[in-house]
Amino acid sequence: MNCELCLSSGETLLFRDEKLRVILVDDADYPGFCRVIWHDHVKEMSDLNEADRRHLFDWIMHTERAVRAVLNPDKINLASLGNMVPHLHWHVIPRFSDDPHFPAPIWAQARREGRRRTHSALAEKLKAALPA
């Protein structure tokens with residue numbers, strides 16, 4: 001199997017346990033963009049048992065709270081698409097009213113040149129904002 005989400009080399013890891021990992025996505029237009037990735041190669045939330053779904057959802061919420069605390073975005077987008085990579089994962093995307101796509105999804109046509117935001121030690125700040 002050649003699944004890019006089954007591999008974890010070169011990622012900026014924010015959290016990992018026996019079931020999932022939270023990574024910081026390298027996206028200059030969207031600093032703080034995180035993914036919550038289920039370790040097992042499954043396609044859908046309904047493939048998980050209730051306890052695993054709860055665990056995954058809890059970590060999506062932990063990640064959202066950490067991103068909000070560190071970056072104070074105007075909005076958070078949560079998405080579970082998997083159309084290109086059918087491996088269960090969630091996107092946690094901080095949105096700002098002056099980002100390139102706002103208010104459209106980040107995968108839409110850009111509406112403007114976005115304001116670049118820089119955040120020193122962003123990964124460390126997000127790690128610190130996540131539960132241990």
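## Helix H2 and its two sides

A residue counts as buried here when its relative accessible area is under 20%, and as exposed when that figure is over 50%. This is a predicted model, so read everything below with that in mind.

Take H2 to begin with, the helix covering residues 122-129: its buried residues are Leu122, Ala123 and Leu126. Look down the axis of H2 and these buried residues fall within an arc of 95 degrees, so they line one face of the helix. Glu124 and Ala128, on the other side of H2, are exposed. The general background is simple: an α-helix has 3.6 residues a turn, so residues three or four places apart point the same way.

What do the buried residues of H2 pack against? They contact three strands, S1 (12-16), S2 (20-24) and S3 (34-38), along with helix H1 (50-71).

## Helix H1, end to end

H1 has 22 residues, which at 1.5 Å a residue should span 32 Å; the C-alpha atoms at its ends sit 31 Å apart, so the model agrees with the expected span.

Both ends have a detail to look at. At the start of H1, Asn49 puts a side-chain oxygen within 3.1 Å of the backbone nitrogen of Ala51. After H1 comes Asn72, with a positive phi near 50 degrees.

The buried residues of H1 are Asp52, His55, Leu56, Trp59, Ile60, Met61, Thr63, Glu64, Ala66, Val67 and Leu71. Their packing partners are S1, S2, S3, strand S4 (75-79), strand S5 (89-95) and H2.

## The S1–S2 hairpin

S1 and S2 make a hairpin, with three residues between the two strands. They run antiparallel and are joined by four bridges. One pairing to pick out on screen is Thr12, whose bridge partner in S2 is Leu24.

This hairpin also ties in with the helices: S1 and S2 are among the elements that the buried residues of H2 pack against, and the buried residues of H1 pack against S1 and S2 too.

## One aromatic pair

How many aromatic pairs does the count come to? Just one aromatic pair turns up. Phe15 and Trp59 form it, and the rings are stacked, at 3.6 Å centre to centre with 15 degrees between the planes. Since Phe15 lies in strand S1 and Trp59 in helix H1, the pair ties together parts that are 44 residues apart in sequence. Phe15 and Trp59 are both buried.

Note on methods. Residues are numbered from 1 along each chain as its sequence is written. This is a predicted model: local features need pLDDT of at least 70, side-chain atom pairs count only at pLDDT 80 or more; totals for chains, interfaces and linings use all residues. Side-chain values use heavy atoms; hydrogens and water are left out. Buried means under 20% relative accessible area, exposed over 50%, partly exposed in between (1.4 Å probe, protein chains only). The arc is that of the directions from the helix axis to the C-beta atoms. Contact means heavy atoms within 4.5 Å. The expected span of a helix is 1.5 Å times one less than its number of residues. A polar contact is a pair of N or O atoms within 3.5 Å; within protein, one must be able to donate a hydrogen and the other to accept it, and residues adjacent in sequence count only if both atoms are side-chain atoms. Two strands pair if DSSP finds at least two bridges between them. Rings of Phe, Tyr and Trp (its six-membered ring) pair if their centres lie within 6.5 Å; planes under 30 degrees apart count as stacked, over 60 as edge-to-face and the rest as tilted.
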